[in-house]
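Visitor: I should like to understand the reasoning behind the labels used for this model. May I put my questions to you one by one?

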Amino acid sequence: MSLFPYLKIKLSYLSTIKGSVVLLLVMLQLAAWYPFLSQIQDDMNRHIRQKDRANHEWERVKQQAIKLHTIRFIDEPWARHHVVATQTNIPTKWSLEGIASVAEWQGLLEKIEVQFAVGLLSVYWQREDDGQWLGRFLFNINVPKANREYHNWLPFKLRAYRFERKDWHLLSTVRTDESASALVTYKKSRYWVRKGSWLPEAGLSVNAVSFDHVILVAKDGSKQSLIIREAGGQDD
């Protein structure tokens, strides 16, 4: 009997089995590689999102830089400002200076925080004899973001202070040829002060320092005098 028909059947069956095995192996390989390929795809998508976010932030940074270089405070002609430092033509530090009332300062600072993303590096306040306030600010420039926190950079909290003499003591004064300073205590905290010093916790500035007394001024212009207490005595 010839074996060829039998061999043909076996070969045909073998070819069928071989195709199924190959397909199964391919599916197994895909299943094994799927988590890895999925992770690669997720990483690529995340990279694309990060790149788009970075490009968007960079555009906002450039727009803010242009505004910082060109802005004019038309309603606040008393305010002077300039860019202090830059990096690749992008401002990194910005200064602001002027003399105005607290209400005017509040309006300007709120306007600045609406338009710019800035962080306070330093501030100096001094109350003038006419009740105006000299302010000097140095800001760093941040990436603009929505829903930024509002800051109160005014020289005092927006509430009235009541002067309590028992909270104050003048301990000593030191005078040189050019200036005088004094050591005072307020609610058990000690401060070295001189003319123009601001005490934010008390809401008072120092109007004058002499060899035996210090004059404090409230934001409404009222004045309080501290004298060096004698042994067993109290300040006036």
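Visitor: Why does I227 count as partly exposed?

Guide: The model is a predicted one. The relative accessibility of I227 is 25%. Buried means under 20% and exposed means over 50%, so I227, at 25%, counts as partly exposed. I227 is placed in strand β11. Its C-alpha atom is separated by 8.6 Å from that of L171, although the two residues are 56 residues apart along the chain.

Visitor: What makes β11 an edge strand?

Guide: Strand β11 (223–227) pairs on one side only, and β8 (198–199) is likewise an edge strand. The open sheet has four strands in the order β8-β9-β10-β11, with antiparallel pairing.

Visitor: How do you know that β9 and β10 pair?

Guide: Strand β9 (residues 204–209) and strand β10 (residues 213–218) are joined by five bridges and run antiparallel. Pairing requires at least two bridges, so these five qualify β9 and β10 as a pair. As one example of bridge partners, S205 is matched with V217 in β10.

Visitor: Which elements does the whole chain contain, and in what order do they run?

Guide: There are two helices and 11 strands in the protein chain. Their order from the N terminus is α-β-β-α-β-β-β-β-β-β-β-β-β.

Visitor: Why is the contact between K62 and E59 called a salt bridge?

Guide: The side chains of K62 and E59 meet at 3.2 Å, N to O. The limit is 4 Å between a side-chain nitrogen of Lys or Arg and a carboxyl oxygen of Asp or Glu, so the pair qualifies. K62 and E59 are three residues apart in helix α1 (residues 4–70), which separates them by about one helical turn. K62 is partly exposed at 31% relative accessibility, and E59 is partly exposed at 38%.

Visitor: How many salt bridges does the structure hold?

Guide: The structure holds five salt bridges. Another of them joins E97 and R80, whose closest N and O atoms are 3.2 Å apart. E97 lies in strand β2 (residues 90–100) and R80 in strand β1 (residues 80–87), so this pair ties together parts that are 17 residues apart in sequence. Both partners are partly exposed: E97 has a relative accessibility of 26%, and R80 has one of 48%.

Visitor: What makes R80, E97 and R136 one network?

Guide: The side chains of E97 and R136 also meet in a salt bridge, at 3.3 Å from N to O. This pair links distant parts of the chain, with E97 in strand β2 and R136 in strand β4 (residues 133–141), 39 residues apart. R136 is partly exposed, at 38% relative accessible area. Salt bridges that share partners join R80, E97 and R136 into one network.

Visitor: Which residues have the most contacts inside the largest nonpolar core?

Guide: They are F73, L96, W105, L108, L109, I112 and F137, in a core of 24 residues. The elements that give two or more residues to this core are β2, α2 (102–115), β3 (118–127) and β4. The largest share, five residues, comes from α2. In soluble globular proteins, nonpolar side chains tend to be buried together.

Visitor: Which residues does W105 contact beyond its neighbours within four places in sequence?

Guide: Among the contacts of W105 are W78, L96, E97, W125, W133, F137 and L154. A second, separate core has 16 residues, including A180, V209, L216 and A218.

Visitor: What makes the nonpolar surface patch, and why may M44 belong to it?

Guide: The patch of about 410 Å² is made by W33, F36, I40 and M44. M44 is in helix α1 and is partly exposed at 46% relative accessibility. Patch residues need over 30%, so M44 meets that requirement.

Visitor: How much of the chain counts as buried?

Guide: Of the 236 residues, 29% count as buried. The accessible surface of the protein chain comes to about 16,300 Å², and 56% of it belongs to carbon and sulfur atoms.

Terms used:
Residues are numbered from 1 along each chain as its sequence is written. This is a predicted model: local features need pLDDT of at least 70, side-chain atom pairs count only at pLDDT 80 or more; totals for chains, interfaces and linings use all residues. Side-chain values use heavy atoms; hydrogens and water are left out. Buried means under 20% relative accessible area, exposed over 50%, partly exposed in between (1.4 Å probe, protein chains only). Patches are made of residues with over 30% relative accessible area and no salt bridge: like charges are joined within 9 Å, nonpolar side chains (Val, Leu, Ile, Met, Phe, Trp, Tyr) within 5 Å. Accessible areas come from the Shrake-Rupley method with a 1.4 Å probe; for residues, only the protein chains shown count as cover. A nonpolar core is a set of buried Ala, Val, Leu, Ile, Met, Phe, Trp, Tyr and Cys residues joined through side-chain atoms within 4.5 Å. Contact means heavy atoms within 4.5 Å.
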